[in-house]
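Colleague: Please take one part of this model and walk me through it closely. I would like the strands, the turn and whatever sits beside them.

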Amino acid sequence: MNPEHIENRARAGILAVRWENGSAHEFTHAALRAACPCSACRAVRRAGGTVEASPAVRLAAIEPAGANALNLAFTDGHARGIYPFALLAELAAVHC
Ligand SMILES: [Zn+2]
């Protein structure tokens, strides 16, 4: 499922996604940071750890990564995460 509209509410620390089926989800920037799917963060989770995300962390940049993903950069300097739309949909289901 693809997003129909993505709105970054920077001050509130919310990334609001409206999906093509009409449903919507508000991700906090911190939740997105904690869910970073880059290889380093996956290695932390695989080792049984959790990826730390300050509640104050914010998205610093949102770039398309191919047709079906976003590359999200954060104000803590972490910018390696490629977030496929399928992952965002999965996160939306879990965090609801
Ligand atoms: Zn990461």
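Modeller: E5 and E6 form a hairpin, with 6 residues between the two strands. Gly77 lies in the turn and has a positive phi of about 95°. Keep in mind that this is a predicted model. The two strands run antiparallel and are joined by 4 bridges. One pair to look at is Leu72 and Gly81: Gly81, in E6, is the bridge partner of Leu72.

Leu72 also has a partner on another strand. Ile62 stands opposite Leu72 in E5. E5 covers residues 69-74, and 5 bridges join this strand to E4 in an antiparallel run. That gives an open sheet of 3 strands in the order E4-E5-E6, with antiparallel pairing. Its edge strands are E4 (59-64) and E6 (81-84), each pairing on one side only. The twist averages 30° from one strand to the next. As a rule, strands of a sheet pair through backbone hydrogen bonds, either parallel or antiparallel.

Now turn to the two faces of E6. Gly81 and Tyr83 make up the covered face. Ile82 and Pro84 make up the uncovered one. So Gly81, the bridge partner of Leu72, belongs to the covered side, because the faces of E6 divide that way.

Next, the metal. The zinc ion has four protein donors: Cys36 (SG), Cys38 (SG), Cys41 (SG) and His78 (NE2). They lie 2.1 to 2.3 Å from the ion. The angles among the 4 donor atoms are 104 to 115°, and the site is tetrahedral. For reference, the ideal angle for four tetrahedral donors is 109.5 degrees. Along the sequence, the donor residues follow the spacing C-x1-C-x2-C-x36-H.

How buried are the cysteines? Take Cys36 and Cys41. Cys36 has a relative accessible area of 0%, so this residue counts as buried. Cys41 comes out at 5%, and is therefore buried as well. The cut-off for that word is under 20%.

There is another sheet in the model. This open sheet has 3 strands in the order E1-E2-E3, with antiparallel pairing. E1 (3-9) and E3 (24-28) are its edge strands, and each pairs on one side only. Neighbouring strands here are turned by 15° against each other on average, direction ignored. E1 pairs with E2 (residues 14-19) in the antiparallel sense, over 6 bridges. Among the residues involved, Arg9 has Ile14 in E2 as its bridge partner.

Methods:
Residues are numbered from 1 along each chain as its sequence is written. This is a predicted model: local features need pLDDT of at least 70, side-chain atom pairs count only at pLDDT 80 or more; totals for chains, interfaces and linings use all residues. Side-chain values use heavy atoms; hydrogens and water are left out. Two strands pair if DSSP finds at least two bridges between them. Axes are lines fitted to C-alpha atoms, for helices over the stretch in contact, and angles run from 0 to 180 degrees between N-to-C directions. Donors are N, O and S atoms within 2.8 Å of the metal (3.2 Å for Na, K and Ca); water is not among the atoms, so sites may look incomplete. Four donors count as tetrahedral if all angles lie between 85 and 135 degrees; four count as square planar and six as octahedral if opposite donors are over 155 degrees apart and all others between 65 and 115; anything else is irregular. Buried means under 20% relative accessible area, exposed over 50%, partly exposed in between (1.4 Å probe, protein chains only).
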